[in-house]
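Subject: Handover of a structure and its findings

Dear colleague,

Please find below the structure I am passing to you. My findings follow it, arranged from the whole chain down to individual residues.

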Amino acid sequence: MKYTQNLNEFDILDLLNEYHSELRKLEYKAEFVKRKIEELENQYFTLKTSKLSSNTESPKIVPTASAKSDISVRENQDDQPVTNEAQKTRKPYPLSRYDQIILQCIEENGRATLSKDIFEKTKEKAIEEGIYESEEKAKSKINQCLVKLTNRRGDIKKVNHKGRGFAYALPEWFDEKGKIIKGHGIKLGL
């Protein structure tokens, strides 16, 4: 069976439709994988930081025979473990410059801001301030900051929306029921 090199108009249109369809499928898969990667990175960072903080809160010290007298162990007045109440009153993690830029972007926007818009605006400001290193490092740093600001500090809250990813808003933009106040909802673009 011989195939000719010359395709007719309908063959070309058919192939174009097939290729465009395949490209849309691949783009969807790529976006899906990117979302999963972002979720896993956030989970990994949260786990890693919680392990680091738990290691620093109660260090495990293994005494050696010669160093027993040099060991200092953190103790309470009553030798009781630190309670959750005491942990809640400790100082929050300090804000990095990236944290401050992210908060500033959301505040300037005046409404819930999509993570992609936060990234773009933060990247611009980081370049202006000379703290931008690379696209990969900036994405990683911004993801870490978003996790810290939402999960560990409570400076911002996640907002679900119909699109991909999350949007972020200031806590004072929510009512008592946890719903975002009208006027502070998501608006596409900064």
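Of the 190 residues in the chain, 22% count as buried. Please note that this is a predicted model. The chain exposes about 14,900 Å², and 53% of that area is supplied by carbon and sulfur atoms. Among contacts between residues at least 6 apart in sequence, 59% join residues at least 24 apart.

The chain holds five helices and three strands. Along the sequence they follow the pattern α-α-α-β-α-α-β-β. Helix 3 and helix 5 are treated in turn below, after the core.

The nonpolar core

The largest nonpolar core has 22 residues, of which Ile102, Ile106, Leu146 and Ile156 touch the most other members. Helix 3, helix 4, helix 5 and strand 3 each give two or more residues to this core. Its largest share, five residues, comes from helix 5. As a general matter, nonpolar side chains in soluble globular proteins tend to be buried together. When residues up to four places away in sequence are not counted, Leu146 touches Ile102, Ile118, Ile156 and Tyr168.

Helix 3

Helix 3 runs over residues 97–109; at 1.5 Å a residue its 13 residues should span 18 Å, and the end C-alpha atoms are indeed 18 Å apart, so the two values agree. Ser96 caps the N-terminal end of this helix, with a side-chain oxygen 3.4 Å from the backbone nitrogen of Tyr98. Just after helix 3, Gly110 takes a positive phi of about 75 degrees.

Which residues of helix 3 are buried? They are Tyr98, Asp99, Ile101, Ile102, Leu103, Cys105, Ile106 and Asn109. An α-helix has 3.6 residues a turn, so residues three or four places apart point the same way. What covers the buried residues of helix 3 includes strand 1 (113–114), helix 4 (115–129), helix 5 (135–152) and strand 3 (167–169).

Helix 5

For the 18 residues of helix 5, the expected span at 1.5 Å a residue is 26 Å; the end C-alpha atoms are 25 Å apart, which agrees. The buried residues here are Ala138, Ile142, Asn143, Cys145, Leu146, Val147, Lys148, Leu149 and Thr150. Just after helix 5, Gly154 takes a positive phi of about 75 degrees.

Four residues of helix 5 are set out individually below, beginning with Glu135.

Glu135 has a relative accessibility of 33% and therefore counts as partly exposed. Leaving out residues up to four places away in sequence, Glu135 touches Phe119 and Lys123. Glu135 and Lys123 are 12 residues apart in sequence, and their C-alpha atoms are 8.4 Å apart in space. A polar contact of 2.9 Å joins the side chains of this pair, Glu135 and Lys123.

Asn143 also lies in helix 5. The relative accessible area of Asn143 is 15%; because the cut-off for buried is under 20%, Asn143 counts as buried. Apart from neighbours within four places in sequence, Asn143 is in contact with Glu38, Glu41 and Asn42.

Cys145, again in helix 5, counts as buried at 2% relative accessibility. Beyond neighbours within four places in sequence, Cys145 is in contact with Ser96, Tyr98, Asp99 and Ile102. Cys145 and Ile102 are 43 residues apart in sequence, yet 8.1 Å apart in space, C-alpha to C-alpha.

Lys148 has its place in helix 5 too. Is this residue, Lys148, buried or exposed? At 12% relative accessibility, Lys148 counts as buried. A polar contact of 2.5 Å joins the side chains of Lys148 and Asp99, and Asp99 is among the buried residues of helix 3.

Cysteines

How many disulfides are there? The count comes to zero. A disulfide is a covalent bond between the sulfur atoms of two cysteines. Cys105 is buried, with a relative accessible area of 2%, and Cys145 counts as buried at 2% relative accessibility.

To draw the findings together, helix 5 gives the largest share of the largest nonpolar core, and helix 5 is included in what covers the buried residues of helix 3. Contacts from helix 5 to helix 3 include Leu146 with Ile102 and the polar contact of Lys148 with Asp99.

With kind regards

Conventions:
Residues are numbered from 1 along each chain as its sequence is written. This is a predicted model: local features need pLDDT of at least 70, side-chain atom pairs count only at pLDDT 80 or more; totals for chains, interfaces and linings use all residues. Side-chain values use heavy atoms; hydrogens and water are left out. The expected span of a helix is 1.5 Å times one less than its number of residues. Buried means under 20% relative accessible area, exposed over 50%, partly exposed in between (1.4 Å probe, protein chains only). Contact means heavy atoms within 4.5 Å. A polar contact is a pair of N or O atoms within 3.5 Å; within protein, one must be able to donate a hydrogen and the other to accept it, and residues adjacent in sequence count only if both atoms are side-chain atoms. A nonpolar core is a set of buried Ala, Val, Leu, Ile, Met, Phe, Trp, Tyr and Cys residues joined through side-chain atoms within 4.5 Å. A disulfide is a pair of cysteine sulfur atoms within 2.5 Å. Accessible areas come from the Shrake-Rupley method with a 1.4 Å probe; for residues, only the protein chains shown count as cover.
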